[in-house]
Amino acid sequence: MAYEWKELALEDQPRNPLADFALNVMARFTAAEIGLSNEHRPMDRSSDFDQQWWLALVSVTPGLSIAGLLERAADFLPPDHPGSLVIPGEYSEGFRNRQDIDVITLYARRDYLNAANAANGAEQLGIETLLVSTPLESQTLSSPAEPFTPPDLKVPVTPNTVVTAVIDHGVAIAHDLFRRKDINGDLVLSRVDFFLDMDGTPDPNAPVPSTIGRVWTGPEINEILKNNLHNGLLDDASVYRDLGLIDWKTRPFNACAHRLSHGTHVTGLASGYDASDADGLERRIIVVQLPTRLVANTLGFGLEQAIEQAMSFISQQLVHFQVDEVAQQMPLVVNFSFGNFMGPHDGTGEVSRSIDTIMSNMEASSNRPRLLMMPSGNGNLSRCHAVINLKQAAPTAELDWQLQPADRSASILSVWLPVMTPVEDNTVTMQVTVPGFDTPRTLTAGMTPSYNWLTEQDHLGNTIILGLVVYQPPVAPTARGKFTIAVVPTDNPMRVGLVAPSGDWKLQFVKGNAVDKLSLNVWVQRDETLPDFPEFGRQSYLSDPSYTRFNVPGGKVISEDPVAHASPVRRAGMINGIACGNLPAVIAGYVSSDGRMSAYSAGGPTLNGFRLTGPDASAVSDDSVVLHGVLSAGSNCGSRVSMSGTSVSTPRVARWVADQFAQSPTTPFGRGNVVAKALNDDPPSPHKPSAFRTGGGRMELRNIFGSLRWPGQ
């Protein structure tokens, strides 16, 4: 092996290393994954890969409007350039001219994103920060030149209506639990009033225009249902072919064709009702289906960035509901059962800020309650968090980061300093030693960034980048310095070239004399393949000899850090990295049969003082220690399947929230009300789980489909 370290000059350093990693370092892997290159067709920089569109979540220079962004982009691009930037048509003219925007969504090509990420990106293009996804399917994106004209749609509802919005993937919207009967008694009226399929092809003639995907309205869905109802039975597969949700010719993975689909199960818990249930008639549904490429991607970035457009879409559809032909916004509960491990965990990240801004604006625009539900996450036992405490008596600490062999996903680790501005040059150093390479790389925290490539020469003598080791000084609003390590996969079936070395990446931290003591938070990004997708990602993890995984004797998994926990690797603090904002209600999971927290259910503390403990409450995510998960809708009508995780405890609480909204549709309601319910259901006792795991407590909610497993549930 001929590994080498190369440090970039300050003027050559991109501002966001993970954006650079996604756009450039991972290009050969991403191009192969989407079929643009392989061992027989090497990727050409001028090939179709440069024409791919990426979803980017960006923060804008204060005082600059979207109109100003477009002007700067026009100056950046040559006159004959085909265009590398698309502003969503969903942003109105008034919004585009506002000078107080913070985080917005863009669709852009690599040349624009690389320019925005360059050292002068803020000055040249007006982009302060950016997060990028994987490339989108090109046919799913349109390029509106002007803001969309608001559609003239009227959705008649009753005064007691509550809207449940689900942002997910694989939502079989034709399931009988999401339908109601027409005047003839046929189950052909959908309770889904708006369905944004981000995998769909935009239709210029659709009632609701879209920048990405296809929006289906209730009447359109009803027409498809009627056309595929035969002798009272629905042809599920035909419906989903008509909707474009099953298309084996163009898409290798079709979630709605599987027995279990994540989005259907979640939607069933949040708003699934039998046609004879009167409550179901008052529960209308909005669904946003995330792009398959983003959900399937395990490179450590991309999925959560789609939430801004999803939330904006949901907000815009609320204006169409009418009571007695008078426009009236309905109470709204939103369920987003996804998450990650990374981020500052203090509510200052782009995704958390975007969520809080949209929810605040939605609340302010009406006198109806709005609440976003999010899971605490399933990473409690993942060994992806560590706290490094350095002090005068012990100024040095070591930690191992294990990259697994045959891992076809990227591996990413971040080390966050505490809030500290400025960071003195002699605060702390991080040394990285790569398996099979005796020469370590040492980075020093301070106010000067450091950007380093790990490279190796291939058999042709080309220098190949295998990873990044970066230090970034603190910037507002997070105000925390950060070390980042991003490494390409350790394997790839397409023979795209050199891969990263698997094994034990050794990290050493040394405190300098500038501070008396220092606490560092280390998080490893989730990169394992999500359930139901073809497996190719293997989770990297932190390793320390003093971390105890099992009780001795007996071998039972230890799910909480012992009181005398000596290892820096922690179960505590593994809460969902994008669920640390001020406004979402965050739900953990527990086992119904014994009341214990599910071993995988992640908890706090967070670094956000407004929600220090982490989750707000917990709900059942497993019926028992042997009957894992809870029952809900399968992909086909009439089916019920089990699925576990905080993804399923969260929509159970969303359903309860919708019931509270129905009883008092004008009363303010927030995550504090969820905490109060949990405290009431689960008062303090010696057997109550810690607040860091369960929040306010274990909520007692009706088990919607539990009687199918055993009576009395």
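Here are some numbered points to help you find your way around this predicted model.

1. **The five-stranded sheet.** A good place to begin is the open sheet built from 5 strands, which follow one another in the order 23-22-27-20-29 with antiparallel pairing. Strand 23 (441–444) and strand 29 are the edge strands; each has a single partner strand, so one side of each is left without a neighbour in the sheet. On average, neighbouring strands here are turned by 25 degrees against each other, direction ignored.

2. **Inside that sheet: strands 20 and 27.** Strand 20 and strand 27 run antiparallel and are joined by 8 bridges. If you would like one pair to look up, take A397, whose bridge partner in strand 27 is F509.

3. **A salt bridge between these two strands.** K506 and D400 form a salt bridge, with their closest N and O atoms 3.5 Å apart. K506 belongs to strand 27 (residues 503–511) and D400 to strand 20 (residues 396–403), so this pair links distant parts of the chain, 106 residues apart. Are K506 and D400 buried or exposed? K506 is partly exposed, since its relative accessible area is 43%. D400, with a relative accessible area of 16%, is buried, because the cut-off for buried is under 20%.

4. **A buried isoleucine.** Next, have a look at I485, which sits in strand 26 (residues 480–487). Its relative accessibility is 0%, so I485 counts as buried. Which residues does I485 touch, leaving aside its neighbours within four places in sequence? Its contacts are W401, S411, I412, L413, M430, V432, L468, V469 and L507. For V469, the C-alpha atom is separated from that of I485 by 4.6 Å, and the two residues are 16 apart along the chain.

5. **Salt bridges elsewhere.** The model has 21 salt bridges by the rule applied here. One of them joins the side chains of R284 and D193, at 2.9 Å from N to O. R284 is in strand 14 (residues 283–289) and D193 is in strand 10 (residues 192–197), so the pair ties together parts that are 91 residues apart in sequence. Both R284 and D193 are buried. Another salt bridge brings together the side chains of D152 and K154, at 3.2 Å from N to O; here D152 and K154 are both exposed. There is also a network of salt bridges that links D203, R214 and E220.

6. **A loop with an exposed proline.** P150 is found in the loop between strand 5 (127–135) and strand 6 (155–156). Why does P150 count as exposed? The reason is its relative accessibility of 67%, as the cut-off for exposed is over 50%. In sequence P150 is 58 residues from S92, while their C-alpha atoms are 8.8 Å apart in space.

7. **A three-stranded sheet.** Strand 6 also takes part in an open sheet of 3 strands, in the order 6-15-16, where the pairing is mixed. Strand 6 and strand 16 (326–327) stand at its edges with a single partner strand each, so one side of each is left without a neighbour in the sheet. Strand 15 (residues 321–323) pairs with strand 16 in the antiparallel sense, over 2 bridges. In this pairing, Q322 has A327 of strand 16 as its bridge partner.

8. **A hairpin with two faces.** Strand 32 (residues 630–633) and strand 33 pair in the antiparallel sense over 4 bridges, and S632 has V641 in strand 33 as its bridge partner. The two strands form a hairpin with 6 residues between them, and G638 in the turn has a positive phi of about 85 degrees. Which side chains of strand 33 (residues 640–643) are buried? V641 and M643 are, and they point to one face; R640 and S642 point to the other face and are not buried.

9. **A nonpolar patch on the surface.** To finish, find L381, F550 and V557, which form a nonpolar patch on the surface with about 220 Å² of accessible area together. F550 lies in the loop between strand 29 (541–543) and strand 30 (585–591). With a relative accessibility of 38%, F550 counts as partly exposed.

Note on methods: Residues are numbered from 1 along each chain as its sequence is written. This is a predicted model: local features need pLDDT of at least 70, side-chain atom pairs count only at pLDDT 80 or more; totals for chains, interfaces and linings use all residues. Side-chain values use heavy atoms; hydrogens and water are left out. Patches are made of residues with over 30% relative accessible area and no salt bridge: like charges are joined within 9 Å, nonpolar side chains (Val, Leu, Ile, Met, Phe, Trp, Tyr) within 5 Å. Accessible areas come from the Shrake-Rupley method with a 1.4 Å probe; for residues, only the protein chains shown count as cover. A salt bridge is a side-chain nitrogen of Lys or Arg within 4 Å of a carboxyl oxygen of Asp or Glu. Buried means under 20% relative accessible area, exposed over 50%, partly exposed in between (1.4 Å probe, protein chains only). Two strands pair if DSSP finds at least two bridges between them. Axes are lines fitted to C-alpha atoms, for helices over the stretch in contact, and angles run from 0 to 180 degrees between N-to-C directions. Contact means heavy atoms within 4.5 Å.
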